[in-house]
Amino acid sequence: MMPWTLEEVAALTNGQLVNGKRETWITGVVHDTRNVKKGDLFLAIVGERLDGHRFSKQAAAKGAKAVMVSKLISGIKVPQIKVEDTTKALGDLGKAQRLQWGGLVVAVTGSVGKTTVKDMTAHLISGWFKTLKTQGNLNNQFGLPLTLLKLTEKDEVAVVEIGINHPGEMEMLSDIARPDVAVVTAIGEAHLGFFKGKAQLAQEKMKVAQSLREGGMRLLNGDDKFLRMRGENILSYGLRNGQVKAETLQSTARGTKFTLKYKGEKALTELQMLGIHNVQNALAAAATGLILGMPLKVLADRLKSFKPQARMRMETKNVKGVFFVNDAYNASPTSMEAALETFKALKGKGRKAAVLGDMLEMGSCAKEAHRRMVRLALSMPMEDLILVGKNMKEAGTAILGKDPLKARLFDRAEDAAVYLKGWVRKGDTVLLKASRGIRLERILEAF
């Protein structure tokens, strides 16, 4: 980050400096004592389970130059900056860093594909620009400003991921990011439990562009009916609709070959990821590069070398002759359907089995969404279906009725692993798909 004095930090956060010299410099901002380095400012964040104020003395002992608190800590020797709300203050610092830095920000949101699009975009543009990106999926009111606070004068573009769970969050995050390119990948049913429906969710996601900087662009998925918009500052992409398109798709053992097309120009490329949905993700990344001025052929060439950064996202692994497709990082009906369709298209010598776990945070839509996925899985050519979790078990019982042998029902991933180990043989292919909380990766660990 660009260093600030304690006086500047207090001014940026409307805080009060206590016990310290105004001209003291800080060179980093952290909210986790495990990451404290000498010269850092430690923010005492008050969370649902932990109160960071309890760790302020520990942060000071590890070398923090000062602490930011909403209540003063007695017996601490380092300077304290008292603010009304440390979480808001963190956002204020992230916003200040972004504005002082002044480079280009690409903000990526959507119900599915955010992390993949973010990683792909950073990979494509890093050949032309010094690029900083969100690490992992640190995309909330903590992760976004902490990412921006890592910017340096050498960085030219920041690619940040933005996720929301509740109405009203996006406006605040957009104000922090002040994007030049605002990308919305798709409107699915992820986290729909906190929204009245897809239309409201789409409205919230579109607010990523609320604080779009002058001359900025919105990049939207033209195949999504909730995102079909036109305007001077809008670029669309898609397999069927959109200005940036993919044509002549051809599945390979590693992924998909296709032709990237924009304004009559074409370039052949290959994506080393399974699934047509990942071709859409690649289009979003390539379209971002086009907005930033990169040539189509350069983008097509760099796509060939992209490899997934995040684990458990259509990750393939051969374990003792059994081919696993591990897509168990997260799940919504949209992503589960995409995973099943990809799994259906896979060719192999052995049998197929899908392990589907609960999709979390679905709210009132949970019952019907899980039943829909079970019906879809049962309609596909596979030898076994394994359902894990309360919602999947309920859906399986409701649909299968007196014929439960068409699927196996388990409460936990560990129980499913015991069954699967006795069922599989060399040459078989297994799909793992569920929300993160179901921990389906434990099935792989059991092998």
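This is a working chat about the cores, helices, loops and one pocket of a predicted model.

Trainee: Let's start inside. How many residues does the largest nonpolar core have, and which have the most contacts inside it?

Mentor: The largest nonpolar core has 39 residues. Those with the most contacts inside it are Val106, Val244, Phe258, Leu260 and Leu271.

Trainee: Which helix gives the largest share of this core?

Mentor: Helix α8, residues 276-291. Eight residues of the core come from α8.

Trainee: And is there a second core? Which residues does that one include?

Mentor: A separate core of 29 residues exists too. Leu132, Leu148, Met206 and Val208 are among its members.

Trainee: Any general reason to look for such groups?

Mentor: In soluble globular proteins, nonpolar side chains tend to be buried together.

Trainee: Back to Leu260. What is Leu260 in contact with, leaving aside neighbours within four places in sequence?

Mentor: Val244, Lys245, Glu265, Lys266, Ala267, Leu283, Ala286, Leu296 and Ala300.

Trainee: Leu296 and Ala300 are in α9, right? Which residues of α9 are buried?

Mentor: Yes, α9 spans residues 296-303. Leu296, Leu299, Ala300 and Leu303 are buried there. Seen down the axis of α9, the buried residues fall within an arc of 100 degrees, so they line one face of the helix.

Trainee: What covers the buried residues of α9?

Mentor: The cover includes helices α4 (114-125) and α8, plus strands β15 (256-262) and β16 (265-271).

Trainee: Stay with α8. Is Ala285 buried or exposed?

Mentor: Ala285 sits in helix α8. Ala285 counts as buried, because its relative accessibility is 0%, and the cut-off for buried is under 20%.

Trainee: What does Ala285 touch?

Mentor: Val117, Met120, Thr121 and Leu124, not counting residues up to four places away in sequence.

Trainee: How many residues apart are Ala285 and Leu299 in sequence, and how far apart in space?

Mentor: They are 14 residues apart in sequence. In space the C-alpha to C-alpha distance is 8.9 Å.

Trainee: Switching to α6. Which of its residues are buried?

Mentor: In α6, residues 169-177, the buried ones are Met170, Leu173, Ser174, Ile176 and Ala177. These cover an arc of only 155 degrees around the axis, which puts them on the same side of α6.

Trainee: What lies over the buried residues of α6?

Mentor: Their cover includes α3 (86-101), β8 (104-109), α5 (143-148) and α7 (198-206).

Trainee: What follows α6?

Mentor: Arg178 does, with a positive phi near 45 degrees.

Trainee: What's the usual sign?

Mentor: Most residues other than glycine have a negative phi.

Trainee: Then what about Asn14? Where is it, and what is its phi?

Mentor: Asn14 is in the loop between α1 (6-12) and β2 (16-18). Its phi is positive, near 55 degrees. Asn14 counts as exposed, at 72% relative accessibility.

Trainee: And Asn19?

Mentor: Asn19 is in the loop between β2 and β3 (25-26). Phi of Asn19 is near 70 degrees, again a positive value. Asn19 is exposed, with a relative accessible area of 54%.

Trainee: Last topic, pockets. How much space lies in the second largest pocket?

Mentor: About 240 Å³. The pocket is lined by 13 residues. Closest to its centre are Arg254, Gln272, Pro308, Met314 and Thr316.

Trainee: How does that lining divide into nonpolar, polar and charged?

Mentor: Seven residues are nonpolar, two polar and four charged.

How values were computed
Residues numbered from 1 in each chain as written. Predicted model: local features only at pLDDT ≥ 70, side-chain atom pairs only at ≥ 80, totals over all residues. Heavy atoms only, no water. 1 Å grid on protein atoms, 1.4 Å probe; cavity = no way out; pocket = protein on both sides within 12 Å on 5 of 7 lines; lining within 4 Å. Points joined across faces, edges and corners; volume = space filled by probe spheres on them. Nonpolar A, V, L, I, M, F, W, Y, C, P; charged D, E, K, R; others polar. Core = buried A, V, L, I, M, F, W, Y, C linked by side-chain atoms within 4.5 Å. Buried < 20%, exposed > 50% of the residue type's maximum accessible area, 1.4 Å probe, protein only. Helix = DSSP H or I, 4+ residues; strand = E, 2+ residues; numbered from the N terminus. Contact = heavy atoms within 4.5 Å. Arc of directions from axis to C-beta.
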